[in-house]
Amino acid sequence: MALYVLYESASGYALFLAHGLDEIGQNTESVRSSVADLNRFGKVVKLVAFTPFESALDALNQCNAVSEGQMTDELRNFLELTLPKVKEGKKPKFSLGVAEPKIGSHILEETKIPCQSNEFVLELLRGVRLHFDRFIQNLKPGDLEKAQLGLGHSYSRAKVKFNVNRVDNMVIQAIFLLDTLDKDINSFSMRVREWYSWHFPELVKIINDNYLYAKVAKFVDNKSELSDEHIPGLTDIVGDEDKAKEILEASKSSMGQDLSPIDLINVKQFAQRVMDLAEYRKKLYDYLVTKMSDIAPNLAALIGEVVGARLISHAGSLTNLAKCPSSTLQILGAEKALFRALKTRGNTPKYGLIFHSSFIGRASARNKGRMARYLANKCSMASRIDCFLDQNTTSFGDKLREQVEERLEFYDKGVAPRKNIDVMKSALEIVQNKDTEMEVEKAPIEASVKKSKKKKSKAEAAEDSDVMEEDKPSAATNGDASEEPKSGKKKKKEKRRMEQESEPEQDQAVENGNGVKGLNADGGSVKKKKKSKDEDKEDLPAASEGKKKKKKSRSTDED
């Protein structure tokens, strides 16, 4: 049976025929030894056909399809044209060797071409890859390397492409930084308390909050200078006038030692740093909330932003968390306790990071394990919805939270909860209704945009017409200025024409008075016609000739 080998290079598809296998035998060791020698390998493997890719984009599409185990139309046409045709009802006398079993199974399903992928085929492909530039003619040195480098970069870019608003790496970094800031602010605040307590020890008992303590320490500075004038400022910081008065009275009877101005300056600067860190921590928390609403809105609605972010960071990514079963998600973060329990054959932990959720704390001691298992199940569903749903919605998270609340009531009071299928149907209806509302809102917006465009076009057309009208009078004035010298000549011509018309009428009246009928030479009646300017211009010489004849006739009559 003949063996054909399909090789997907960066420049195109190549098909090789592995003939003469008896020389080396179908043994991987013998193939391995023959691969290095081109003379020996060239006798065994020969190029049958090669089809280059049309462009870099086409190469990227083909590479993506091959990596996903899909056969493209170009590859199918290439195989059908180059491989021997098989008659219907007969088994093919050849097989196709491929590198990936996935694409081999897809080729077999689509074209019925038998494919194989084993160590022997992989060794043949290794030899083809090693000597590929020798098989292809008219290939310049360096072209293949450039094609491989360009395709590698574009393939990596396409794999790394993602939605900027759904980068779970930002959430992982934010939650790590938030935990670090909590530890640092706590330790720095304790340092401020201890440092300023040498000067004003009674302040620690009055103010418990670390951020407020740093603010007050910076405001008070030297306790001996504190007076009634500082009470309004203290009231603004503390929020309670009684506490402000208590601080003032404690400063008067304080047992702390006096500090030098340099020491007080250092204490104030350190307190300011602690306040800045606390304010930055608040901003970072707001940033985490907004990012979680973009990346995992349903998980955040179900279990909270901080716990959801900790789950994502511990799993590595939202995709990894979505792949985890609910039993793994339940003990995520309690790996040490789990392996210790497995080693000592003790009880395995019931919960990990999800213990920080309020639902576990609200459950009774005997129901904590059940509640953790149920909550892990719902968190697993929410993470999968967030990972694979293109739409950004919190409807599923809200409904899952309602289910957890109902389960708590069931454990406490025995109230039967709703079925999961009914809850999911209602969530789907809410999402669909939101989609329809969005479409309805978009329609009038688009219509208004079209109307505004029409109005703009009309306004532009009106402006253009105004400009044209402004241009026309100027052109007209220019024309009048050019025609002013001609107007005098036109008036003289019109006078001559009027005189010429009036003279024939007088002659006809005289002839009619003498009894002669006014007939033309043709015998037709004389008619008065209104002629155009052009016809008048043409008739001017004829009229002048008629006038001369009439003058001659008058002179003869007088004689």
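A residue counts as partly exposed when its relative accessible area lies between the buried range, under 20%, and the exposed range, over 50%. By that rule R310, at 23% relative accessibility, is partly exposed. The structure described here is a predicted model, and the points below take up its sheet, its salt bridges and one charged patch on its surface.

**The sheet**

- Five strands form an open sheet in the order β3-β2-β1-β4-β5, and the pairing within this sheet is mixed.
- Because β3 (45-52) and β5 (115-116) stand at the edges and each has a single partner strand, one side of each is left without a neighbour in the sheet.
- In general, the strands of a sheet pair through backbone hydrogen bonds, and they can do so in a parallel or an antiparallel way.
- Strand β4, which covers residues 94-97, runs parallel to β5 and is joined to β5 by two bridges, with G97 standing opposite Q116 in β5.

**A salt bridge between distant parts of the chain**

- The count of salt bridges comes to 12, and one of them joins the side chains of R310 and D179, with a distance of 2.8 Å from N to O.
- This pair links distant parts of the chain, since R310 belongs to helix α16 (residues 305-315) and D179 to helix α9 (residues 168-197), 131 residues apart.
- D179 is also partly exposed, with a relative accessible area of 23%.

**Salt bridges within a helix**

- E80 and R76 form a salt bridge whose closest N and O atoms are 3.2 Å apart, and because these residues lie four apart in helix α4 (residues 73-82), about one helical turn separates them.
- Both partners of this bridge are partly exposed, E80 at 40% relative accessibility and R76 at 28%.
- K399 and E402 also form a salt bridge, in which the closest N and O atoms are 3.8 Å apart; they are three residues apart in helix α22 (residues 395-413), so they too are separated by about one helical turn.
- K399 has a relative accessible area of 14% and is therefore buried, whereas E402, at 34%, is partly exposed.
- K399 and E402 belong to a network of salt bridges that also links E406 and R418.

**A negative surface patch**

- D240, D242, E246 and E249 together form a negative patch on the surface.
- Within this patch, E249 is found in helix α13 (residues 241-252), and E249 counts as exposed because its relative accessibility is 55%, which is over the 50% cut-off.

Note on methods
Residues are numbered from 1 along each chain as its sequence is written. This is a predicted model: local features need pLDDT of at least 70, side-chain atom pairs count only at pLDDT 80 or more; totals for chains, interfaces and linings use all residues. Side-chain values use heavy atoms; hydrogens and water are left out. Two strands pair if DSSP finds at least two bridges between them. Patches are made of residues with over 30% relative accessible area and no salt bridge: like charges are joined within 9 Å, nonpolar side chains (Val, Leu, Ile, Met, Phe, Trp, Tyr) within 5 Å. Accessible areas come from the Shrake-Rupley method with a 1.4 Å probe; for residues, only the protein chains shown count as cover. A salt bridge is a side-chain nitrogen of Lys or Arg within 4 Å of a carboxyl oxygen of Asp or Glu. Lys and Arg count as positive and Asp and Glu as negative; His and the chain ends are not counted. The place of a charge is taken as NZ of Lys, CZ of Arg, CG of Asp or CD of Glu. Buried means under 20% relative accessible area, exposed over 50%, partly exposed in between (1.4 Å probe, protein chains only).
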